[in-house]
Amino acid sequence: MMLSAPSQVLVRNASLFSDGKWALVNAADAAIFNGLPEASLCGFHQFYDIYEQAQQTSRCAHTFSADFAPEERLDGAVIYMPKAKKHAAMLIANIAACIKPNGTLMLVGENKSGIKSAAKLLESVGSQVNKIDSARHCALFATQIDNTVKPFVLADWVSEQGITFNGNSIQLTSLPGVFSHGELDAGTALLLEEFSAQPDKNVLDFACGNGVIGICMATLNPSINLTMTDVSALALYCAERSVAANNVKATIIPSNGLSNIEGKFNRVYTNPPFHTGIKTDYSITEKLIKGLSTHMHNDAKLTLVANRFLKYPDLLEATFKHFATIAQTSKFSLYHAVK
């Protein structure tokens with residue numbers, strides 16, 4: 001495993017982490033937990049892929065959850081800059097509440113990740129923000145935690161959204177950092193337009209986000225055995241709340257791709273991601289398409305929506321018995337494939 005550029009910046013400043021108990025928050029790679037003083041580190045992860053790798057490769061304690069509440073307050077923490085600034089603000093509020101007064105909170109990230117806004121973001125929990133280092137096209141900022149930091153309550157950051165689907169009113173929960181936070185993604189909307197009642201028994205909603213696709217499926221056809229999965233702890237938290245609010249049943253599973261998925265399905269629906277952090281990453285969907293054969297019954301069907309520029313049709317056509325593009329907009333294509 002290789003160190004990401006932000007992790008290389010932390011290794012350059014390893015002496016900062018030699019004293020006390022520190023948390024690395026949403027580390028961009030698992031290798032960093034072996035690159036800094038191990039006895040002083042713990043990991044808080046909102047993404048299951050890095051959590052799973054870190055569990056396997058380091059002796060540090062690791063937590064996978066939507067929010068963080070360690071048993072003892074930390075001396076310091078480093079947050080890796082997320083893609084969305086609202087997500088960064090929520091993480092700062094959460095982690096600052098986990099740090100001792102006058103402890104240190106740092107924010108590290110690539111320049112193109114929006115790290116230049118770190119000073120303004122950190123001012124919400126510390127009166128003075130310093131730039132500690134700048135290297136590898138990254139920056140590291142730090143502040144001391146004020147005594148006035150408020151306790152963190154994740155529910156305070158939740159937003160609720162209602163949509164109408166086939167005459168049904170659906171209630172959805174969202175959080176900063178969840179895909180299409182606070183709105184219905186246009187690609188998902190295109191997929192929902194093609195829904196109809198299905199006799200299928202076992203249904204998988206892959207990369208479920210806040211649960212909108214799975215919940216619409218289960219509302220339209222309550223007899224299905226629905227499984228929902230995502231790599232994001234924030235998404236899974238929202239999906240659980242959304243499932244409960246709509247009185248549907250679902251098994252909700254954290255998974256890096258299909259790694260934790262068992263059994264076979266009659267129907268798979270997905271609006272899959274094509275980013276890992278701020279980087280474009282087609283491998284998630286490519287691995288899904290290639291790996292689905294072991295998780296689908298014969299004649300099972302896949303419905304996948306994606307940006308039109310993504311080159312999935314050739315792979316779908318090569319992998320499945322039948323393949324067709326069933327709907328398009330100027331931005332999205334909706335694909336249907338049969339095993």
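A disulfide here is a pair of cysteine sulfur atoms within 2.5 Å. The model is predicted, so local features need pLDDT of at least 70 and side-chain atom pairs count only at pLDDT 80 or more, while totals for chains, interfaces and linings use all residues. Residues are numbered from 1 along each chain as its sequence is written, and side-chain values use heavy atoms, with hydrogens and water left out.

**Exercise 1. Cysteines**

Work out how many disulfides the rule gives, and where Cys 42 stands.

Step 1. Apply the cut-off: the count is zero disulfides.

Step 2. Check Cys 42: the nearest cysteine sulfur belongs to Cys 60 and sits 8.1 Å away, and Cys 42 is in no disulfide.

Step 3. Try Cys 216: its closest cysteine sulfur is in Cys 208, at 13 Å, which is too far for a bond.

Step 4. Look at accessibility, where buried means under 20% relative accessible area, exposed over 50%, and partly exposed in between (1.4 Å probe, protein chains only). Cys 42 is buried at 8%, and Cys 216 is buried at 0%.

**Exercise 2. Salt bridges**

Find how many salt bridges the whole structure has, and say which parts the Arg 12 pair ties together.

Step 1. Set the criterion: a side-chain nitrogen of Lys or Arg within 4 Å of a carboxyl oxygen of Asp or Glu. The idea behind it is that side chains of opposite charge can pair when their charged atoms come close.

Step 2. Run the search over the whole structure, and you get four salt bridges.

Step 3. Take Arg 12 and Asp 133, whose closest N and O atoms are 2.9 Å apart. Arg 12 is in helix H1 (residues 5–12) and Asp 133 in strand S6 (residues 129–135), so this pair ties together parts 121 residues apart in sequence. Helices (H or I, at least four residues) and strands (E, at least two) are DSSP runs, numbered from the N terminus. Arg 12 is partly exposed at 46%, whereas Asp 133 is buried at 12%.

Step 4. Go on to Arg 241 and Glu 160, with 3.3 Å between the closest N and O atoms. Helix H7 (residues 233–245) holds Arg 241 and strand S8 (residues 159–165) holds Glu 160, so the parts tied together are 81 residues apart in sequence. Arg 241 is partly exposed at 32%, and Glu 160 is partly exposed at 48%.

Step 5. Add Lys 321 and Asp 299, which meet at 2.6 Å, N to O. Lys 321 lies in the loop between helix H9 (313–319) and strand S17 (322–328), and Asp 299 in strand S16 (residues 296–307), so the pair ties together parts 22 residues apart in sequence. Lys 321 is partly exposed at 49%, and Asp 299 is partly exposed at 46%.

**Exercise 3. Helix H2**

List the buried residues of helix H2 (residues 48–57) and name some of what covers them.

Step 1. Pick out the buried residues: Tyr 48, Asp 49, Ile 50, Tyr 51, Glu 52 and Ala 54.

Step 2. Look for the cover, using contact (heavy atoms within 4.5 Å). The cover includes strand S2 (41–45), strand S3 (61–64) and strand S12 (251–254).
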